[in-house]
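Here's a quick tour of one small model, written for someone who likes to look at the atoms while reading. Have a look at the fold first, then read on.

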Amino acid sequence: MEQVAGTLQGRQGTFVLQHSGTMTRGNGQLVVTVVPDSGTDELVGLSGSMRIDNAGGKHSYVFEYTIAGA
């Protein structure tokens, strides 16, 4: 679990991410999702998930989300 404070689409607030990881024969998988109803302030209604993309020896985070009523 991780609490995040920040701004998305110009809206400020906090939300909680839940991390779940598994390793099968050396192959790792990580799932990171927004905990339902964890958005506060202007991020109430936030839902989504995040993934890590690995390419060329570098990694980046991709956060796909929606904000209800936005």
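What follows goes from the overall build to the core, the rings and the loops.

This is a predicted model, so a little bookkeeping helps: local features need pLDDT of at least 70, side-chain atom pairs count only at pLDDT 80 or more, and totals for chains, interfaces and linings use all residues. Residues are numbered from 1 along each chain as its sequence is written, and side-chain values use heavy atoms, with hydrogens and water left out.

**Overall build**

The protein has 0 helices and 5 strands, in the order β-β-β-β-β from the N terminus. Helices (H or I, at least four residues) and strands (E, at least two) are DSSP runs, numbered from the N terminus. Along the principal axes, the C-alpha atoms fill a box of roughly 40 × 25 × 20 Å.

Of the 70 residues, 20% are buried; buried means under 20% relative accessible area, exposed over 50%, and partly exposed in between, using a 1.4 Å probe and protein chains only. The accessible surface comes to about 5,000 Å², with 49% of it on carbon and sulfur atoms. Those areas come from the Shrake-Rupley method with a 1.4 Å probe. If you take contacts (heavy atoms within 4.5 Å) between residues at least 6 apart in sequence, 32% of them join residues at least 24 apart.

**The core**

Which residues make up the largest nonpolar core? There are 9 of them: Leu8, Phe15, Leu17, Val32, Val34, Leu43, Leu46, Met50 and Ile67. The elements giving two or more residues to this core are β2 (11–24), β3 (27–34) and β4 (46–55). A nonpolar core here is a set of buried Ala, Val, Leu, Ile, Met, Phe, Trp, Tyr and Cys residues joined through side-chain atoms within 4.5 Å.

Leu43 is a handy core residue to click on. Leaving aside neighbours within four places in sequence, Leu43 touches Gly6, Leu8, Arg11, Gln12, Gly13, Thr14, Phe15 and Ile67.

**The rings**

The structure holds 2 aromatic pairs. In one of them, the ring centres of Phe15 and Phe63 are 5.8 Å apart and the planes sit at 10°, so the pair is stacked. Rings of Phe, Tyr and Trp (its six-membered ring) pair if their centres lie within 6.5 Å, and planes under 30 degrees apart count as stacked, over 60 as edge-to-face and the rest as tilted. Phe15 lies in strand β2 and Phe63 in strand β5 (residues 58–67), so this pair ties together parts that are 48 residues apart in sequence.

Are the two rings' residues buried or exposed? Phe15 counts as buried at 5% relative accessibility, while Phe63 counts as partly exposed at 24%. Phe15 and Phe63 form one aromatic cluster with Tyr65.

**The loops**

Most residues other than glycine have a negative phi. Two aspartates have a positive phi: Asp37 and Asp41. Here they are, along with a loop glycine.

| Residue | Loop | Relative accessibility |
|---|---|---|
| Gly10 | between β1 (2–8) and β2 | 62%, exposed |
| Asp37 | between β3 and β4 | 78%, exposed |
| Asp41 | between β3 and β4 | 62%, exposed |

Phi is about 60° for Asp37 and near 55° for Asp41. As for Gly10, its C-alpha atom is separated by 19 Å from that of Ser49, 39 residues apart along the chain.
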